[in-house]
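Visitor: I'm new to this one, could you walk me through it?
Guide: Gladly; here it is, and then we can take your questions in turn.

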Amino acid sequence: QVRLVESGGGLVQAGGSLRLSCVASGRTFSSDLMAWFRQAPGKEREFVAARSWSGGSTLYGDSVKGRFTFSKDNAQNTVYLQMNNLKSEDTAVYYCAAGPLIGRSALMRPNSYNSWGQGTQVTVSS
């Protein structure tokens, strides 16, 4: 369905900021839901944030609330994850995901999404 390409990862010192981008192409009309997940080595994939192209609200994971902001540019088919006050625990590969619109209770489940980007590495040094 939708093709996703992330960018913006890199090395940043603790307390710094990064902005990740995810460009969606292809059949974006069939993937109303967009999300960010992250996965550190040896860890389960962790929910970061999700929102729909058409909706106006965003769900954030508890570990990033108040620090990360999910925004979107509908015209450019691009979503962003602004990450502020980064901590060492934020070090992970960050993935953009897309899928059909689902209920709020399922937003945090990786299996709810059927399209994934290749991931972009975020490393926070202490």
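Visitor: Let's start small: what is the bridge partner of R19 in β8?
Guide: R19 is partnered by Q82 of β8 through a bridge. Strands here are DSSP runs of E at least two residues long, numbered from the N terminus, and two strands count as paired if DSSP finds at least two bridges between them. This is a predicted model, in which local features need pLDDT of at least 70, side-chain atom pairs count only at pLDDT 80 or more, and totals for chains, interfaces and linings use all residues. Residues are numbered from 1 along each chain as its sequence is written, and side-chain values use heavy atoms, with hydrogens and water left out.

Visitor: Okay, and how many bridges join β3 and β8?
Guide: There are 6 bridges between β3 and β8, and the two strands pair in the antiparallel sense.

Visitor: What holds paired strands together, in general?
Guide: Strands of a sheet pair through backbone hydrogen bonds, in either a parallel or an antiparallel way.

Visitor: Which strands are in the sheet, and in what order?
Guide: The open sheet has 4 strands, ordered β1-β3-β8-β7, with antiparallel pairing. Because β1 (2-7) and β7 (68-73) stand at the edges with a single partner strand each, one side of each has no neighbour in the sheet.

Visitor: How does β7 meet β8?
Guide: β7 runs antiparallel to β8 (residues 78-83), and 6 bridges join them. Among the facing residues, F68 has M83 as its bridge partner, while F70 stands opposite L81. The hairpin of these two strands has 4 residues between them, and there N77 takes a positive phi near 50°.

Visitor: Is β8 enclosed or open to the outside?
Guide: Largely enclosed by the rest of the structure, because 5 of its 6 residues are buried, where buried means under 20% relative accessible area, exposed over 50%, and partly exposed in between (1.4 Å probe, protein chains only).

Visitor: Switching topic: how many disulfides are there?
Guide: A search of the whole structure finds 1 disulfide, meaning a pair of cysteine sulfur atoms within 2.5 Å. The sulfur atoms of C22 and C96 lie 2.1 Å apart. The pair links distant parts of the chain, since C22 is in β3 (residues 18-26) and C96 is in β9 (residues 92-99), 74 residues apart.

Visitor: Which handedness does it have, and are the cysteines buried or exposed?
Guide: The disulfide is left-handed, because the torsion about the S-S bond of C22 and C96 is about -85°, and both C22 and C96 are buried.
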